[in-house]
Each structure stands twice: as C-alpha cells, then as structure tokens.
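Work through the exercises below with the sequence and the coordinates side by side. Each task is followed by a solution that goes step by step.

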Amino acid sequence: MKEQPTVTKAIRDNRDVIRDRAMRSLSVRRQWGNGMKKNEQWTGTCTGYTYDGLGVVRFDDLVFFVPGLLEGEEAELAITAMKKNYGYARIVKLLKKSPHRREPVCGVYRLCGGCQLMHMDDETQQSFKEDKVRNLFLQNAGMEVDVPQILEGEMRLNYRNKVQVPVQVNQGKVEMGFYQNHSNRIIPFETCYVQTEESNRIVQKIRELLEQYRCGSVFRHVLIKHAHVRDEVMVCLIVREYPFSHSEQFIQELTRQFPNIRSMSAIINRREDNVILDGKEVLLYGNPYIEEDLLGCRFRISARSFFQINPYATKLLYSKALEFAGLSGNETVIDLYCGTGTIGILASKHAKQVYGIEVVVDAIRDAKVNAEINNVNNIQFFCADAKDGAKKLIAAKIRPDVVIVDPPRKGCSIETLNAIETMSPRRLVYVSCDPATLTRDCAIMKEKGYETVKVQPVDMFPQTVAVETVALLIRKN
C-alpha cells in the first residue's frame, strides 16, 4: 500500500506551492508595472466564461480571456495580447484538468475556431448556453427570467444541412476549408464533424476535380445543402466565370459519383468583397431546388433561400413556437421574416389566416410553392422588408392576434417593433438566433407594454457558442 504523506509534509508541500505562486504573482505584478508583454507567463485558475466561451482568469484588477480553458481548471498561461486593463492568453500547460473536459474529435479544432465548445462535454455546453440566455436577459433587459433546460436534437455531430466552403489556390495547390478566426487564411479539413458525411465526401471530390482540371482559380466558394430526411443534395458553385475549363466533365463526374445530387447550379460572382450569393444563377443539372420534410409538411429549398440549419433541433424549435402561439383555429397570424414559409405554413394548420413577409425574392417564390405543395389555402405571402410589409398590413387594416418573428442575427429594427406595437397583437412569438439582440428587443417591447412570460433555449448548434431561443411576449393590457 502506498505510504500516505504526513500532515507536516503536506503542510510543507502546500507552503512551497503557496510561496511559488506568490513569487510568480510578484513577478507578474512587477512586469505589469513595466508593461506586460506578449508570451509572458503565469499561473491562473478559470472562474467562468465570456459569452463567446472563452475562459475568464482574473489577476488583481486585470481580466484575461483564454480559449479552451474550462471553469475550475488551473493552467500555466502565456499572454497573447494585452489591452489597458484586460488581455488574452493561451494555455501553456494544464495543471488541474476539469472532469468536464473532452478531447475534440476534430484535428483542426483549434485552428478553425468554428466549433468553439468541442472541448466541453454535453452537460457543460448545455449549462453554458442556459446561463448565457439567463444572464443576457438580466444584463440587457433587466429581467430575471426562468430559463428551463435547453432542448436538444438527437444529433450532436453531423447535424448541419448546409455548408459553405471557401476555395483558394495557394502556390498551385487547391485549398478548401474554413477561414481561421479574424483572417483570410483557409484551414483545410478532411472531415468537418458537424457536417454530414455525404457533404464531406462531396467537398473532397470537388477538391480532386479542381486539381485534376486545374480550374480552382475560377472558384470562390462551394455551397452544399443536404436535406437529411429526403436525402437530396444541392451543390452550388460560386465562380468568377462560367463556363470554366472542363466544366462539362466536372458536372458529369460529380453527379455520376453522387446520384443523390438533385440540383447543381453556378452563381457567377465577380465581386471582391465577402458577399457570396450575388450574381446570375445558372442551372447546371437537375432542378433549381431540393425538398425536405418537416413536421408533416414538405418544403422546397433553393440556393439563396433560408432554411434552418439543424433539422433535428428545428422540429423542437418550431413545435415550441407553435405552442407559444396558442392557436385555436380562429386567429389571424403574421409571420415576419418568413423565409420559405416554414413557420407560417405550419401555423396555418391551426389558424384562420396567415400572412408571411420576407425580403428575399427567391424565398417568397419558394414559400408560395410550399403552400401549394402542402395544400394550404389560408396563407398569403408578400415580398417586402419586415417593417415595410408590416406597415402595408396596417394600412390594409389587418389586425393580427399573433405575430411571429424570426429575424436575422441583428434582430428586429426599431421600425419593425414600432409596427408590431401599432398592430397590437395579443401574443408576440420571437424566434431568435442571437440572445443578445433578443433581450435588447424584449426590453424595447417591455416599454411598449409587452411582458416576456416564457423563454425556451434550443441547442440548434451543438459544439458552438450559438444558441437559438424562442420567447413568448404577451400584451399586458
């Protein structure tokens, strides 16, 4: 049996540790007095997280943000950047490891930065996202809301139905991958673990074909959409010109190897900024769309139209949104930012009349077809910005009982929120991909007489810091 250390030895060892830490602390204090520099090292313990999932380590009045460090972990740290009263650091050596640490399955996890939480186990990811929603409501809206356990789909990996892969030619070699954070450097990958296996295989085959036909310099991005339930694939090539060298052979080879590709197109984009899906679209193979099943309905998806990324969590998200809407069959519903009409069409099964507003022309075209496919006759779609569409409905004296909004990350404009106030629905169901803008808008609507009564986070993006949330606001009077 291993001999247990004596109390005296334990005290002596602890004293030595305390002294060593004090010397390091003194060294850092002295360095701070002279100006802390990049790569200087010290020992710290993580006390929590930022909203971006960075570990927080405090030293006197300074705060350091450390990627990949879990709460309760102690590590030797090195400064990577220094500001006036905070800084950034990296892990040199883990001294005390959290039981919630998990080894990322992805080989380019740290370089890519797309899956910021892959080093956390599922339980820690869930509590991080619940705390994020709760704390943002308190910080941005002054509300202490009850945040129930986050809803999860059955897939934690391979859940995404869409991938957009940049293409570059570097020293004659084709590179396909994702941009490293805050740079234009592409991090190539063999397998992206949040994409489907089929999408990964298609990316690798496209890279081979670009090398084979030496046409990589024409390509800017490759967009792949994979409908999980119906197993239909769309490939959209974002190119500087079309046709390109050996384009016919390229198309034939790709569609021959992947027979579930039902749509292939090219978007000719000669812009030099980061706007990707802009330019003339040319159909190369099959249909200009794919189709997917969701909650008993079938939806058509085109290259430029929006469809929720995670089909497993989307079922939970939309079911909760419909529950919050409280429809009995007699209500008039307005679906702002309606996309391809998913929520509105699902709501139409339980409402008297639905109006959908969306600014993207292709999405409205798909929404109208989706309504026809699903035999929905009590829904009308209008192509307009959310605020302008809402104003048109007001002018037409349409008074909704329920308004559903699913805005982009920036949230609703103040003009849209003002229009909602004018329409004065009894219920406002807010579906949000960013709890920061959700809580900002809930605070604004509170001033307009709407109380946030229910909040439900949904883990739409496992392994990342992003969290989807649906909130129910009710008019107080």
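Two strands pair if DSSP finds at least two bridges between them, and helices (H or I, at least four residues) and strands (E, at least two) are DSSP runs, numbered from the N terminus. This is a predicted model, in which local features need pLDDT of at least 70 and side-chain atom pairs count only at pLDDT 80 or more, while totals for chains, interfaces and linings use all residues. Residues are numbered from 1 along each chain as its sequence is written, and side-chain values use heavy atoms, with hydrogens and water left out.

**Exercise 1.** Determine which residue of β19 is the bridge partner of Asp 335, and place the two strands in their sheet.

Solution. Begin with the sheet, which is open and consists of 8 strands in the order β6-β21-β22-β20-β19-β16-β17-β18, with mixed pairing. Its edge strands are β6 (151-152) and β18 (379-383), each of which pairs on one side only. Next, take strand β16 (residues 332-336) and strand β19 (residues 402-405), which run parallel and are joined by 4 bridges. Finally, look along β19 for the partner of Asp 335, which is Ile 404.

**Exercise 2.** Decide whether His 226 is buried or exposed, and describe its surroundings.

Solution. First locate His 226, which belongs to strand β10 (residues 219-227). Its relative accessibility is 7%, so His 226 counts as buried; buried means under 20% relative accessible area, exposed over 50%, and partly exposed in between (1.4 Å probe, protein chains only). Then list the contacts (heavy atoms within 4.5 Å): leaving aside residues up to four places away in sequence, His 226 touches Asn 161, Thr 196, Glu 198, Ser 199, Asp 231, Glu 232 and Val 233. With Thr 196 there is also a polar contact between the two side chains, at 2.9 Å; such a contact is a pair of N or O atoms within 3.5 Å, where within protein one must be able to donate a hydrogen and the other to accept it, and residues adjacent in sequence count only if both atoms are side-chain atoms.

**Exercise 3.** Examine the backbone at Asn 158, Tyr 337 and Pro 243.

Solution. Asn 158, in the loop between β6 and β7 (162-170), has a positive phi of about 55° although it is not a glycine. Because its relative accessibility is 22%, Asn 158 counts as partly exposed. Tyr 337, in the loop between β16 and α7 (342-348), likewise is not a glycine and has a positive phi, of about 60°, but Tyr 337 counts as buried because its relative accessibility is 18%. Lastly, Pro 243 lies in the loop between β11 (232-239) and α5 (247-257), and the peptide bond joining Tyr 242 and Pro 243 is cis, with omega about 0°.
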